[in-house]
Amino acid sequence: VLLTLQHLIITGPFLVSEEGDYMFLSVFLPVGADKQEYFPIVLLIGVDKNDFLKKKKTIKKIYANHFELPTPPQKPTLTTIAGDNMVTLYWDFVAEKSVDPITKIMDFQGYKIYRATEPEFHDVFSITNGLGNSEGYVPLAQFDVNDDIEGFFFPSEELFQQAQGYSYYLGNNSGLQHTYIDEDVINGQKYYYSVVAYDNGDNALDIFPSENTKFISELSDGTIILDKNTSIAVPASSSPGYS
């Protein structure tokens, strides 16, 4: 198999949610009819050169570990009910029985609720690292297991340097909940919600806490694509005369 890999650097700025096709690799691969060949391709994007090199180092470590990585707990399934100046959220228990494939333990630690006014949650993506780059989202609410784990995750010195001064808040032993009523809303405003489950990490193994991803996409034709742990709600008052 003949394969030539090249670096391609694309400079910004880019528009949020910009659509487009990018060809970053084109090669000739003669493979026999009775053979299969596999190779990984990674597209890295950084806010600057240092951020790019940091992510490149992380990807090399992932490759060296044969793609065996710690994973966050399973995603909870979120349901929202819009009311008059309120939105009620509730979700299931599935995340709490998740077993990490690396440590082989149930390391679930809690839930975070995120709320935004646009589908990519950029308006709450404001927790920064020591260099001022955004790394985390500000939760609307957080519920964690009432145990001996609380406060900020305390990484090793090497991991702290890799995280560029960023840490992860594990909660204050508030106890778990599976419902939440958001009353800080305005009727007629569209709100985007996500409930993510997170684990406690492992500082002895240099494993940073991880949480679920969240995905909401609004296509140009009006179609809305939701992940199981995301939802959209528009609070409104009841219609006059409705029983």
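# A tour of the predicted model

Of the 243 residues in the protein, 30% are buried. The model is predicted, so treat every position below as part of a prediction.

**Whole chain.** Start with the protein in a cartoon view. The secondary structure comes to two helices and eleven strands. Followed along the sequence, these elements give the pattern α-β-β-β-β-β-β-α-β-β-β-β-β. Switch to a surface view next: the protein exposes about 15800 Å², and carbon and sulfur atoms supply 55% of that area. Among contacts with a separation of 6 or more, 68% are between residues 24 or more positions apart.

**The sheet 1-2-7.** Select strand 1 (residues 78-83), strand 2 (residues 86-91) and strand 7 (residues 179-182). These three strands form an open sheet in the order 1-2-7, with antiparallel pairing. Strand 1 and strand 7 stand at the edges, each with a single partner strand, so each has one side without a neighbour in the sheet. On average, neighbouring strands of this sheet are turned by 15° against each other, direction ignored.

**Strand 1 against strand 2.** Keep strand 1 and strand 2 on screen. Six bridges join the two strands, which run antiparallel. To see one pairing, select Thr80 and its bridge partner in strand 2, Leu89. Then go to the hairpin of strand 1 and strand 2, where two residues lie between the strands. Select Asn85 there; this residue takes a positive phi near 55°.

**The two faces of strand 2.** Show the side chains of residues 86-91. Which of them point to the buried face? Val87, Leu89 and Trp91 point to one face and are buried. Met86, Thr88 and Tyr90 point to the other face and are not buried. Leu89, the partner of Thr80, is thus one of the buried residues of this strand.

**Strand 2 against strand 7.** Now bring strand 7 back into view. Four bridges join strand 2 to strand 7, and the two run antiparallel. Select Thr88 and Ile181 together: Thr88 stands opposite Ile181 in strand 7.

**The loop after strand 2.** Move on to Ser98, which has its place in the loop between strand 2 and strand 3. Is Ser98 buried or exposed? Ser98 has a relative accessible area of 8%, and because buried means under 20%, this residue counts as buried. Show the side chain of Ser98 and look for two polar contacts. A polar atom of this side chain lies 2.8 Å from the backbone nitrogen of Gln74. The side chain of Ser98 also reaches the backbone oxygen of Ala95, at 3.0 Å. To see what else is around Ser98, select Pro73, Gln74, Ile105, Met106 and Asp107. These are the residues in contact with Ser98 once its neighbours within four places in sequence are left aside.

**The sheet 6-3-8-11.** The last stop is another sheet. Four strands form this open sheet in the order 6-3-8-11, and the pairing is antiparallel. Select the edge strands, strand 6 (141-144) and strand 11 (230-233); each of them pairs on one side only. The twist from one strand to the next averages 15°.

**Strand 3 against strand 8.** Finish with strand 3 (residues 108-116) and strand 8 (residues 191-199). Eight bridges join these two strands, which run antiparallel. For one pair to look at, select Ala116 and Tyr192: Ala116 stands opposite Tyr192 in strand 8.

How values were computed
Residues are numbered from 1 along each chain as its sequence is written. This is a predicted model: local features need pLDDT of at least 70, side-chain atom pairs count only at pLDDT 80 or more; totals for chains, interfaces and linings use all residues. Side-chain values use heavy atoms; hydrogens and water are left out. Buried means under 20% relative accessible area, exposed over 50%, partly exposed in between (1.4 Å probe, protein chains only). Two strands pair if DSSP finds at least two bridges between them. Axes are lines fitted to C-alpha atoms, for helices over the stretch in contact, and angles run from 0 to 180 degrees between N-to-C directions. A polar contact is a pair of N or O atoms within 3.5 Å; within protein, one must be able to donate a hydrogen and the other to accept it, and residues adjacent in sequence count only if both atoms are side-chain atoms. Contact means heavy atoms within 4.5 Å. Accessible areas come from the Shrake-Rupley method with a 1.4 Å probe; for residues, only the protein chains shown count as cover.
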